[in-house]
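Colleague: I should like to request a close look at a single part of this model, set out for a student in the first year. Please begin with one residue and then place that residue within the whole chain.

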Amino acid sequence: MPGGRLTQQERQQIALGLADDLAYAEIARRLDRPTSTVTREVMRNGGPLAYRADLAHRATEHRAHRRREAAPRGPEALPQAHGRDAEAVREYVEVFTTLLMKSGLPKMTSRVLAHLYTTDAGSLTASELVRHLQVSPASISKAVTLLESQGLIRRERDGRRRERYVVDNDVWYDGMIASARSHAQLAETARQGVGVLGPDTPAAARLEGIARFVDFVGEGMVRAAEQAREVLYTKPETTTGDPAEPGERKFRTPPSP
């Protein structure tokens with residue numbers, strides 16, 4: 001399997017494969033490359049609908065040139081464990097950051113969240129984020145304030161009384177609940193418009209439809225979040241003499257009717 005960076009000709013083959021609606025795995029097979037390489041290449045250069053070989057090649061050369069210039073003072077790589085490939089991890093974090101940006105988060109906020117998600121500890125201090133991302137403390141403060149307001153991270157104090165920003169299972173649950181509350185507020189506002197515009201008007205009917213739809217979705221999100229937390233994150237029950245294997249979940253057998 002060839003190593004190294006993709007060539008311009010390989011990028012052209014990727015563009016042709018996307019135009020033919022081929023799966024990433026098939027494009028990778030034709031190039032004799034890992035599927036992950038093709039996936040990262042496409043996602044970091046506009047996605048499957050906007051990928052262009054010439055622009056992708058120039059962007060890659062520009063990034064390489066910028067990294068060479070910034071090498072003495074560039075972002076500090078997170079320590080890698082478990083035999084990970086540091087370059088592959090760096091590229092994955094870039095892909096993850098791009099995906100978060102496409103979901104609507106600002107660039108710096110996306111960078112912070114991607115770095116938090118890809119640490120084994122699941123938490124970093126403000127000073128660690130400043131050092132890793134090579135940005136100002138004010139930039140980190142603004143990003144974490146937005147993330148906390150959306151329920152995507154939480155703050156806690158460690159043993160040295162340092163404030164840490166944390167992503168864990170509870171954050172996912174809290175984020176879903178926060179999103180459901182936002183849906184409820186939207187539904188309430190839409191129903192206020194019904195009274196303003198008149199209950200028998202087309203505009204009011206439209207707003208009532210929005211409210212009913214959003215109510216339905218929000219209630220479903222709360223139910224799903226509660227069920228997911230109970231099934232996925234509840235610690236397994238064990239009985240004396242019957243310990244659970246690591247990673248194994250034990251469920252209680254429901255009583256007979």
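Leaving aside its neighbours within four places in sequence, with which residues is Ala56 in contact?

Modeller: The model is a predicted one, and the answer should be read with that in mind. Once the neighbours within four places in sequence are set aside, Ala56 is in contact with Arg11, Glu41, Asn45 and Tyr51. Ala56 itself lies in helix 4, which covers residues 53-70. Is Ala56 buried or exposed? Its relative accessibility is 1%, and because a residue under 20% is classed as buried, Ala56 counts as buried. A further distance helps to locate the residue: the C-alpha atom of Ala56 is separated by 8.5 Å from that of Val42, and these two residues are 14 apart along the chain.

The surroundings of this residue may now be widened to the chain as a whole. The chain has 257 residues, and 32% of them are buried; Ala56 is one of the buried residues. Helix 4 belongs to a chain with 10 helices and 3 strands. Read along the sequence, the elements follow the pattern α-α-α-α-α-α-β-α-α-β-β-α-α. If one takes the contacts between residues at least 6 apart in sequence, 52% of them join residues at least 24 apart.

The strands deserve a description of their own. They form an open sheet in the order 1-3-2, with antiparallel pairing. Strand 1 (123-125) and strand 2 (154-157) stand at the edges; each has a single partner strand, so one side of each is left without a neighbour in the sheet. On average, neighbouring strands of this sheet are turned by 35° against each other, direction ignored. Strand 2 and strand 3 (residues 163-166) run antiparallel and are joined by 4 bridges. As an example of a bridge, Glu156 has Arg164 in strand 3 as its partner.

Finally, the outside of the chain offers a contrast to the buried Ala56. The accessible surface comes to about 16700 Å², and 55% of it belongs to carbon and sulfur atoms. On this surface, Trp172, Val231, Leu232 and Tyr233 make a nonpolar patch of about 410 Å². Helix 10 (residues 202-233) gives the most to the patch, with 3 residues, while Trp172 has its place in helix 9 (residues 169-197).

Terms used:
Residues are numbered from 1 along each chain as its sequence is written. This is a predicted model: local features need pLDDT of at least 70, side-chain atom pairs count only at pLDDT 80 or more; totals for chains, interfaces and linings use all residues. Side-chain values use heavy atoms; hydrogens and water are left out. Helices (H or I, at least four residues) and strands (E, at least two) are DSSP runs, numbered from the N terminus. Buried means under 20% relative accessible area, exposed over 50%, partly exposed in between (1.4 Å probe, protein chains only). Contact means heavy atoms within 4.5 Å. Accessible areas come from the Shrake-Rupley method with a 1.4 Å probe; for residues, only the protein chains shown count as cover. Patches are made of residues with over 30% relative accessible area and no salt bridge: like charges are joined within 9 Å, nonpolar side chains (Val, Leu, Ile, Met, Phe, Trp, Tyr) within 5 Å. A salt bridge is a side-chain nitrogen of Lys or Arg within 4 Å of a carboxyl oxygen of Asp or Glu. Two strands pair if DSSP finds at least two bridges between them. Axes are lines fitted to C-alpha atoms, for helices over the stretch in contact, and angles run from 0 to 180 degrees between N-to-C directions.
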